[in-house]
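Me: Hi! Could you walk me through this structure in simple terms? I'm new to this.
Reply: Happy to, let's take a look together.

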Amino acid sequence: MLKIKQELLDGLAAELDTLLPGAAARAAFESPKVAAHGDFASTAAMQLAKPLKLNPRQLAETLRGALRARVEYEQWVSDIDIAGPGFINIRLKPSAKQQIVREVLAAGARFGIAEPNGQKLMVEFVSANPTGPLHVGHGRQAALGDAICSLFQTQGWSVHREFYYNDAGVQIATLGTSTHLRAQGFKPGDPQWPENAYNGAYIADIAADFLAKKTVKADDREFTASGDINDLDGMRQFAVAYLRHEQDLDLQAFAVKFDHYYLESSLYTSGRVEATVQKLIDAGKTYEQDGALWLRSTDYGDDKDRVMRKSDGSFTYFVPDVAYHISKWERGFTKVINIQGTDHHGTIARVRAGLQAANVGIPAGYPDYVLHTMVRVVKGGEEVKISKRAGSYVTLRDLIEWTSKDAVRFFLLSRKPDTEYTFDVDLAVQKNNDNPVYYVQYAHARICSVLASWGGDAATLKDADLGALDSAPAQALMLLLAKYPAMLADAARDLAPHDVTFYLRELAASYHSYYDAERILVDDAVVKTARLALVAATAQVLHNGLAVLGVSAPQKM
């Protein structure tokens, strides 16, 4: 059907070009808002009416006649109607819709996946400082980042997943101090315990393991504790490695992998921060005031100029961010997406201003950002705000242990990133149609059960006679299957993985309706095989879509 759609589009383009040279680019199909109006709609007549100085409805009638005369329209189109001021509504023959079943079964796991386009993309996400376990907000970011990576991979991009974190600075110093105090036997609430120290029980675990001279290994580092209570630097390094390992366990439980971990400290040790500052000075985009070095960020749309180097000689936090993004550009990533919390909104203008001011060829608007809100967790009808392990927040692993990796991923992706979201733990474990991930997974499992009951070779279904798939429920299901590739392309373009969850829920609903309307394992072998082919194709698309989200497609529920 996708090939047929392209043939029909090419025919429309040819007729538009005949009417007005150069108008072929306006050839496009939309989905009618009312299904009864047809399968495809075109507004081309209304677009060309003014330049051609013709009545749009009369122009639509002219186009209808021309399209009817074309071979591809005669073969695949049952009717062309004109509605309103000049909408052209096209209704396909059942045989045209049936072709999507063959296309899905032939492509299998690659249905909806474009050929490599030679372009590189970096997505930076999670990027949590190693000062504690990953919380639910990090989980939303991990789900978003991983799904966006998968979406772009379906569109032919070469995708690089990167995790950036601060392995030095004030927060890490506080981590070291907190661990040292725990190692000495102090605890939160004691007079010696600083107000800004980390209070989670995990700090006591780090201190105990350090004194026991344990070795911890994370994806990007390994460290063996000296056991010396006065080894403050060693204790800090051990704490960082310990918590990076803990975060790795969180990410493993969530099935998220990164290609590279980038250290903020490396921006200083490599000289990148100093080099970036010098670029900005050389470009004439800085000035000295009150003993500080300022960036003229207002030249690039920021609401005020920003301090780069404070009077004490230290850099403000956006300066290494600028250096880091220059590194991304120099590594060949001409498209970069950062997934961050909405609290980072204020950094966007200053980072982009710094990149423009550095004058290294980076275009305006680089990088792209996806900002997400935090997540409320409700369990037993009450909000859960703390974790026994973390002390002050619900961890990602808590949520996974209470529900499942699949439920957490699907739920956290089911809303636009910038909308508030409440994660209902009780709903996530229910096995009914109110639970969206269960509803979708059950559709897949239901089909697998039907195929298992049949017991035949699924590979033979791609050659089935599909003529029996002419009922309204079957045609509705086939039309929805055909929308999958375009949905993926749109979701990638709009950085909107929630669109995939909406589509999968709609597809599952369409399948359940079809299953309720028509028995599949009937006595008539031709009808049975056609229906089996349709549901097998549906299972494949459900599987493919769930894979984009990082959610499994179970064969049994």
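**A chat about helices, rings and odd angles**

Reply: Let's start with two helices: the axes of helix 11 and helix 12 come within 9 Å and cross at roughly 95°. Keep in mind that this is a predicted model.

Me: Are helix 11 and helix 12 roughly parallel or roughly perpendicular?
Reply: With that crossing angle, helix 11 counts as roughly perpendicular to helix 12.

Me: Which residues make the contact?
Reply: From helix 11 you have Arg-272, Val-273, Thr-276 and Val-277. Helix 12 brings Val-319, Pro-320, Val-322, Ala-323, Ile-326, Ser-327 and Glu-330.

Me: OK, next helix. Which residues of helix 13 are buried?
Reply: Helix 13 covers residues 345–357, and its buried residues are Thr-347, Ile-348, Arg-350, Val-351, Ala-353, Gly-354, Leu-355 and Ala-357.

Me: I see steps of three or four in there. Why would that matter in a helix?
Reply: An α-helix has 3.6 residues a turn, so residues three or four places apart point the same way.

Me: And what covers the buried residues of helix 13?
Reply: The cover includes helix 11, helix 12, strand 10, strand 11, strand 12 and strand 13. So you meet helix 11 and helix 12 again here, because both are part of that cover.

Me: What about helix 18, how many of its residues are buried?
Reply: Helix 18 spans residues 472–482 and is mostly covered, with 8 of its 11 residues buried. Among them are Leu-477, Met-478, Leu-479, Leu-480 and Leu-481. The buried residues pack against helix 1, helix 5, helix 19, helix 20 and helix 21.

Me: Switching topic: how many aromatic pairs are there?
Reply: The count comes to 19 aromatic pairs. In one of them, the ring centres of Phe-210 and Phe-238 are 5.7 Å apart and the planes stand at 65°, which makes the pair edge-to-face; the cut-off for that label is over 60 degrees.

Me: Where do those two Phe residues sit?
Reply: Phe-210 is in helix 8 and Phe-238 is in helix 9, so their pair ties together parts that are 28 residues apart in sequence. Phe-210 and Phe-238 are both buried.

Me: Can I have another pair?
Reply: Sure, try Tyr-484 and Tyr-503, a tilted pair with 5.6 Å from centre to centre and 45° between the planes. Tyr-484 belongs to helix 19 and Tyr-503 to helix 20, so this pair ties together parts 19 residues apart in sequence. Tyr-484 counts as buried at 1% relative accessibility, and Tyr-503 counts as buried at 5%.

Me: Which rings are linked into a cluster?
Reply: Ring pairs link Phe-125, Phe-163, Tyr-165, Phe-258 and Tyr-261.

Me: Which residues does Arg-244 contact?
Reply: Leaving aside neighbours within four places in sequence, Arg-244 is in contact with Pro-130, Phe-163, Tyr-165, Ala-218, Asp-219, Asp-220 and Tyr-261. Phe-163, Tyr-165 and Tyr-261 are also in the ring cluster. The side chain of Arg-244 makes a polar contact with the side chain of Asp-220 at 3.2 Å, and another with the side chain of Tyr-261 at 3.5 Å.

Me: Is Arg-244 buried or exposed?
Reply: Arg-244 lies in helix 9, and its relative accessible area is 0%, so Arg-244 is buried.

Me: Which charged ends lie over rings?
Reply: Two examples: Lys-120 lies over the face of Phe-333, 4.4 Å from the ring centre. The charged end of Lys-379 sits over the ring of Trp-402, 4.1 Å from its centre.

Me: Last topic, backbone angles. What do most residues do?
Reply: Most residues other than glycine have a negative phi, and most peptide bonds are trans.

Me: Which residues here have a positive phi?
Reply: Val-126 is one of them, with phi near 70°. Val-126 is in the loop between strand 4 and helix 6, and at 4% relative accessible area it is buried. Asp-290 has phi near 55° and lies in the loop between strand 9 and strand 10. At 67% relative accessibility, Asp-290 counts as exposed. Just after helix 13, Asn-359 takes a positive phi of about 60°.

Me: And where is there a cis peptide bond?
Reply: Look at the bond from Tyr-366 to Pro-367, which is cis with omega near 0°. Pro-367 is in the loop between helix 13 and strand 13.

Terms used. Residues numbered from 1 in each chain as written. Predicted model: local features only at pLDDT ≥ 70, side-chain atom pairs only at ≥ 80, totals over all residues. Heavy atoms only, no water. Buried < 20%, exposed > 50% of the residue type's maximum accessible area, 1.4 Å probe, protein only. Helix = DSSP H or I, 4+ residues; strand = E, 2+ residues; numbered from the N terminus. Contact = heavy atoms within 4.5 Å. Phe/Tyr/Trp six-rings, centres within 6.5 Å; stacked < 30°, edge-to-face > 60°. Lys NZ or Arg CZ within 6 Å of the ring centre and 35° of its normal. Polar contact = N/O pair within 3.5 Å; in protein donor to acceptor, adjacent residues only side chain to side chain. Axes fitted to C-alpha atoms, helices over the stretch in contact; angles between N-to-C directions. Parallel < 35°, antiparallel > 145°, perpendicular 65-115°, else oblique.
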